[in-house]
Amino acid sequence: MAHVEWSAGIDSVSGALSKPGKNGQHSCQKMLLGTHRVAATENPNCNRLYLRKKTKRSTPPTTREMAVRTRFAAVRQAVWDRAHDLNQISQDQAAFLAQKDTAGGKKTMNAYLWKLCGEAYDAQH
């Protein structure tokens, strides 16, 4: 197994280091994925690198999957619109702060807006 000496300032590497490009683009053919595990072990070198070949989906998306994608796109747009609506920002911030420390409250403004807009989308559909 290879041993990697990290440069000064780099403690670990985690996530996709390179991804296969889309059709027609010059890029790597395999995904290089790095993982870093923080745990009490005898081996302090807990970084691992994996190569994954580019895959092609063998089945078309199901009706349910398409509905989930449509919901996600609609809620994402609603969150963006609401976050940039100057008429509603102060009301949303006050409501967010009121619910933040309660049981089941959302801890970030973004999560709170996703909850509100997701509930509004579900009520309409």
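What covers the buried residues of α2? The legends below work towards that and take in the rest of this predicted model on the way.

**Figure 1. The whole chain gives three strands and then three helices.** Here's the overview of the predicted model: the protein has three helices and three strands, and along the sequence they come in the pattern β-β-β-α-α-α. Of the 125 residues, 13% are buried. The accessible surface adds up to about 10300 Å², and carbon and sulfur atoms own 55% of that. As for contacts, take those with a separation of 6 or more: 31% of them link residues 24 or more positions apart.

**Figure 2. Three strands make an open sheet.** The strand order is simply β1-β2-β3, and the pairing is antiparallel. At the edges sit β1 (15-18) and β3 (47-53), each of which pairs on one side only. Going from one strand to the next, the twist averages 30°.

**Figure 3. A closer look at β1 against β2.** Strand β2 covers residues 30-36 and pairs with β1 in the antiparallel sense, with three bridges between them. If you want a landmark, find Gly15, which stands opposite Gly34 in β2.

**Figure 4. His36 in strand β2.** Is His36 buried, partly exposed or exposed? Its relative accessibility is 33%, and buried would need under 20% while exposed would need over 50%, so His36 counts as partly exposed. Look for Arg48 in this view too: His36 and Arg48 are twelve residues apart in sequence, yet their C-alpha atoms are 6.6 Å apart in space.

**Figure 5. Helix α2, one face in and one face out.** Helix α2 runs over residues 89-100, twelve residues in all. From first C-alpha to last it reaches 16 Å, close to the 16 Å expected at 1.5 Å a residue. Its buried residues are Asp92, Phe96 and Gln99. Looking down the axis of α2, these buried residues fall within an arc of 75°, so they line one face of the helix. Turned away from that buried side is a face carrying the exposed residues Ser90, Gln91, Leu97 and Ala98. And the opening question gets its reply here: the cover over the buried residues of α2 includes α1 (63-83) and α3 (109-124).

**Figure 6. Gln99 and its contacts.** Zooming in on helix α2 brings us to Gln99. Why does Gln99 count as buried? Its relative accessible area is 15%, and the cut-off for buried is under 20%, so Gln99 qualifies. Set aside the neighbours within four places in sequence, and Gln99 is in contact with Gly105, Lys106 and Tyr112. Tyr112 is a handy link to the next view, as it is one of the buried residues in α3.

**Figure 7. Helix α3 and what covers it.** This helix has 16 residues and reaches 23 Å from its first C-alpha to its last, close to the 22 Å expected at 1.5 Å a residue. Which residues of α3 are buried? They are Tyr112, Leu113, Cys117, Gly118 and Tyr121. Their cover includes α1 and α2. Going the other way, α3 is part of what covers the buried residues of α2.

Conventions: Residues numbered from 1 in each chain as written. Predicted model: local features only at pLDDT ≥ 70, side-chain atom pairs only at ≥ 80, totals over all residues. Heavy atoms only, no water. Helix = DSSP H or I, 4+ residues; strand = E, 2+ residues; numbered from the N terminus. Expected span 1.5 Å × (residues − 1). Buried < 20%, exposed > 50% of the residue type's maximum accessible area, 1.4 Å probe, protein only. Arc of directions from axis to C-beta. Contact = heavy atoms within 4.5 Å. Areas by Shrake-Rupley, 256 points an atom, 1.4 Å probe, with all protein chains shown as cover. Pairing = 2+ DSSP bridges. Axes fitted to C-alpha atoms, helices over the stretch in contact; angles between N-to-C directions.
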